[in-house]
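Trainee: Could we go through the aromatic rings and the nonpolar cores of this protein together, one question at a time?

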Amino acid sequence: MSKSSHSLLPYALVVLLSASPICIRAQAPAALPPQGPQQGTSGGVNTGGTFAPVLDAQKRPITAGGFVDQGAPIFMDIAEKAGLSRWSHRDGTKEKQFILDTPGSGVGLIDYDNDGWLDIYLVNASTYEAFSGKAEAPHAALFHNNHDGTFTDVAAKAGVTNDRWGFGVAIADYDNDGWPDMYVTSMGGNRLYHNNHDGTFTDVAEKAGVVLGGWSTGATWGDYDGDGRVDLFVPGYVHFENNQPPTPSSGAATLAKNFCQFRGAPVMCGPRGLEGERDHLFHNNGNGTFTDVSEKAGVADKSGYYGLSSVFIDLNNDGKLDLVVADDSTPNYVYLNKGDGTFEDASYASGYALNENGRETASMGIALGDYQNNGRIDLFNTTFSDDYDVLYHNDGDANFTDVSYEAGVAEPTVPFLGWGDAFLDYDNDGWKDLFLSNGHVYPAVDKNDWGTTFAERPLLFRNLQGKRFELQPAVTGTGLAVVRPGRGAAAGDLFNDGKLDVVINNIDSPPTLLRNVNPDHHHWVGLKLVGGAKGPRDAVGATVYLTAGGLKQRGDVYSGGSYASSSDQRVHFGIGDASKVDAVEVHWPDGTVEKVQLPGIDRIFTVEEGKGVTGHAPTAKIK
């Protein structure tokens, strides 16, 4: 089948979403909307058209239905048992009257006290009363891992409640002191939380020169210039004035009434029709301060696209960190590192700017990983409903091809509105699977027959040895059948048991903690990398190649990517039935290539540059 025919595929093929009988109303997809952020007539977001509802046997939209009664559980939501449900996210008005009310917030997995166990940071948004100083602000949460399957919120004691209209968190050790720090993006001013080594943090953003203003979203850390210190990239979203929020009658010169509707129904305005915020690259000066080098480096986003997520990663295997930016309803960016402190804008040439139909998408989150085990980083973008999520296959030298339909991830995702995402080997078979957090932005979808819902279930695709992905069934009573308005998501081994778990920050709701209970008995290895004197201490930007059982895999240490979130920076490898690891090769950020011998398997080992294995994380004792 040719690529150009994909947009004409019958939407009825989404029956693959569920093993239950499905009721479909025949309706051909509408023509694609005109291209360009200012030219569309279908509303404030770019979508692929209008599609017929897909319903399950109970006539529920597939986004909140399609459950099966038989099947082994893969994830179980243990948020309440773990103590996370005592905290709840809040975001603007229930009616979602303005665009500020809708994107929600992210989650960061961070071992802030260096005890060998991942803790959880949940960003909170705010309310208009709190934003104007008339009410107490909703607090962010820092859940300390108690090592027994429970968590305790210590945000107030740690000094990281934020109390601003928060969106994202990016984690890295920016001052190379061996302790992870957090950059929290917000509306109106960001925070740089420096780790004080005693369970507390100090906001040094003003002193560091990285407060910014306006609306910042999913940031990323990475040493782009190879000086041994991680630098900071911060994408901007839309220009929002709290005292004059965008409405159809606001009189804004760039705002047309058709940008305040979805499928003909009135909704909040934007992002199309609104002015975009610029992106910023901050060079780490090594003395606690940063310098804005956006213009000089060529990544300032002069087009004013609506940035939501970003990540530093080596796309062409030249040892230099490139930069990827996912933009909402505008073309995506790929910046290739030229090695002289500047980047080449290869967005269109790379194939990542648009999908295979030559159309920009409402991109939300970026998942990155080598899903074919060929040594190249592939990219996956979540998008808006009425459009498919996009899998960009890395053909080599940072040239990407949209293979979403061939890979089996396009058709099932059309009704869903995706946010946080991650490649993760949930069954430890050596092949990276794909997890998606979903939730709509318009409450009006629950009042209209559009085949989608405000609260949605997550999706999990199993990797069939790099050839295709297979959607896993949502078994009733398990984590894949949890229906909530999901936003940011982060993956990691929260219980040091070799199973990758997922935390989702749900808008206006308590979080979801999906513990991995998949019944496989495959082996695994985790690596916590510690850089040397010439590179970042936390080894952000490192690449690991591991060979076991005849399979060579790639894993990377990175910050950001998933919508407004940061996942576990320990590199995880499932090795299937292999009883040992044959080879490990670490490509450190400073250019050093080191071969490491592991003393065993089924452990999380600490590997220090030049020293090999120097320890391991505590062994799980949690049932």
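What follows is a short exchange about the rings and cores in this predicted model.

Trainee: How many aromatic pairs does a search of the whole structure find?
Mentor: Ring pairs are described by the distance of the centres and the angle of the planes. Searching the whole structure on that footing gives a total of 27 aromatic pairs.

Trainee: Why is the pair of Trp419 and Tyr563 described as edge-to-face?
Mentor: The ring centres of Trp419 and Tyr563 are 4.9 Å apart, which falls within the 6.5 Å limit for a pair. Planes over 60 degrees apart count as edge-to-face. The planes of Trp419 and Tyr563 stand at 65°, so the pair is edge-to-face.

Trainee: How many residues apart are Trp419 and Tyr563 in the chain?
Mentor: Trp419 belongs to strand β26 (residues 418-424), whereas Tyr563 sits in the loop between β35 (551-556) and β36 (571-576). The pair therefore links distant parts of the chain, its two members being 144 residues apart.

Trainee: Are Trp419 and Tyr563 buried or exposed?
Mentor: Tyr563 is included in a second, separate core of 33 residues, along with Trp165, Met268 and Ile507, and a nonpolar core is made of buried residues. For Trp419 and Tyr563 alike, the state is buried.

Trainee: Which residues have the most contacts inside the largest nonpolar core?
Mentor: This core has 39 residues, and the elements that give two or more residues to it include β8 (165-172), α4 (205-208) and β33 (523-530). Those with the most contacts inside it are Leu192, Trp221, Leu527 and Leu529.

Methods
Residues numbered from 1 in each chain as written. Predicted model: local features only at pLDDT ≥ 70, side-chain atom pairs only at ≥ 80, totals over all residues. Heavy atoms only, no water. Phe/Tyr/Trp six-rings, centres within 6.5 Å; stacked < 30°, edge-to-face > 60°. Helix = DSSP H or I, 4+ residues; strand = E, 2+ residues; numbered from the N terminus. Buried < 20%, exposed > 50% of the residue type's maximum accessible area, 1.4 Å probe, protein only. Core = buried A, V, L, I, M, F, W, Y, C linked by side-chain atoms within 4.5 Å.
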